[in-house]
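Colleague: I have a new chain to go through and would like some help. Can we talk it over?

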Amino acid sequence: MNRSLKHTVLTELHNLIDYSCKSHPSQPVDFTSLHKALIKKYFQAEAVHFEPENQVVILEVMVDSALKETARVQVPVDYRRFNDFLKPCIEDTHSALRFYKNMLTYYHVIQPLSA
């Protein structure tokens, strides 16, 4: 991915996170799946649950993948501002950038590249 596109993807993802964390009563889009996808990818979590009233994200993670279901634990993570919690979850790797570009395309922030 060239530098310009990389910069655009990271900038637009930060902008989308800021936008998605604000209240938009007339907005028909639910950004919960965006938030969960970012958190699941970064923490390699099996599942993510939100408790916004307590400012807590609960991660279900595997302790030992050899044990499968029996090794899932819930890890609560506190935050003050949700967008400040999400932004450090953004990774600067080639595969992560492709993942983010697909997310931005899904949310119509950037246009898909024609093949």
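Modeller: What follows is a short talk through this model, which is predicted.

Colleague: Start with the basics. How many helices and strands does the chain have?

Modeller: There are four helices and three strands.

Colleague: And what pattern do they follow along the sequence?

Modeller: The pattern reads α-α-β-β-β-α-α.

Colleague: What share of the residues is buried?

Modeller: Of the 115 residues in the chain, 33% are buried. The accessible surface is about 7600 Å², and carbon and sulfur atoms account for 50% of that surface.

Colleague: What about contacts between residues at least 6 apart in sequence: what share joins residues at least 24 apart?

Modeller: That share is 46%.

Colleague: Now pockets. What is the volume of the largest pocket?

Modeller: About 340 Å³. The lining of this pocket has 15 residues, and the closest to the pocket centre are Ser 20, Cys 21, His 35, Tyr 79 and Phe 82.

Colleague: Which helices supply at least two residues each to the lining?

Modeller: Helix H1 (3-20), helix H2 (32-43) and helix H3 (82-86) do.

Colleague: How does the lining split by class?

Modeller: Six of the lining residues are nonpolar, five are polar and four are charged.

Colleague: Back to His 35. Where does it lie, and is it buried or exposed?

Modeller: His 35 lies in helix H2. Its relative accessibility is 7%, so His 35 counts as buried.

Colleague: What is His 35 in contact with, leaving aside neighbours within four places in sequence?

Modeller: The contacts of His 35 are Ser 20, Cys 21, Phe 50, Phe 82 and Leu 86. Ser 20, Cys 21 and Phe 82 have come up already, as residues close to the centre of the largest pocket.

Colleague: New topic, salt bridges. Why do such pairs form at all?

Modeller: Side chains of opposite charge can pair when their charged atoms come close.

Colleague: How many salt bridges are there here?

Modeller: The count is five. One of them joins the side chains of Asp 18 and Lys 87, with N to O at 2.8 Å. Asp 18 lies in helix H1 and Lys 87 in the loop between H3 and helix H4 (94-106), so this bridge ties together parts that are 69 residues apart in sequence.

Colleague: Are those two buried or exposed?

Modeller: Neither word fits. Asp 18 is partly exposed at 23% relative accessibility, and Lys 87 is partly exposed at 22%.

Colleague: What does Arg 72 form a salt bridge with?

Modeller: With Glu 60, and the closest N and O atoms are 3.2 Å apart. Arg 72 is in strand S3 (residues 72-78) and Glu 60 in strand S2 (residues 56-62), so the pair ties together parts that are twelve residues apart in sequence.

Colleague: And how do Arg 72 and Glu 60 stand for accessibility: buried or exposed?

Modeller: Arg 72 has a relative accessible area of 32%, so Arg 72 is partly exposed. Glu 60 is at 13% and counts as buried, because buried means under 20%.

Colleague: Which residues are linked in a network of salt bridges?

Modeller: Glu 46, Glu 60 and Arg 72 are. Apart from that network, Asp 84 forms a salt bridge with Arg 81, the closest N and O atoms being 3.6 Å apart. Asp 84 is partly exposed, at 43% relative accessibility.

Colleague: Let's move to Leu 59. Where does it lie?

Modeller: Leu 59 lies in strand S2, and at 4% relative accessibility Leu 59 counts as buried.

Colleague: What does Leu 59 touch, not counting residues up to four places away in sequence?

Modeller: The list is Ile 39, Phe 43, Ala 45, Ala 47, Val 48, Val 73, Gln 74, Val 75 and Val 77.

Colleague: And how far is Leu 59 from Glu 46 in space?

Modeller: The C-alpha to C-alpha distance is 7.6 Å, while in sequence Leu 59 and Glu 46 are 13 residues apart.

Colleague: Last topic, the backbone. What is phi of Gln 44 near?

Modeller: Phi of Gln 44 is near 50°, a positive value in a residue other than glycine. Gln 44 lies in the loop between H2 and strand S1 (47-51), and Gln 44 counts as exposed at 67% relative accessibility.

Colleague: What about phi of Gln 55?

Modeller: Phi of Gln 55 is near 55°, a positive value too. Gln 55 is in the loop between S1 and S2 and is partly exposed, with a relative accessible area of 36%.

Terms used:
Residues numbered from 1 in each chain as written. Predicted model: local features only at pLDDT ≥ 70, side-chain atom pairs only at ≥ 80, totals over all residues. Heavy atoms only, no water. Buried < 20%, exposed > 50% of the residue type's maximum accessible area, 1.4 Å probe, protein only. Contact = heavy atoms within 4.5 Å. Areas by Shrake-Rupley, 256 points an atom, 1.4 Å probe, with all protein chains shown as cover. 1 Å grid on protein atoms, 1.4 Å probe; cavity = no way out; pocket = protein on both sides within 12 Å on 5 of 7 lines; lining within 4 Å. Points joined across faces, edges and corners; volume = space filled by probe spheres on them. Nonpolar A, V, L, I, M, F, W, Y, C, P; charged D, E, K, R; others polar. Salt bridge = Lys/Arg side-chain N within 4 Å of Asp/Glu carboxyl O.
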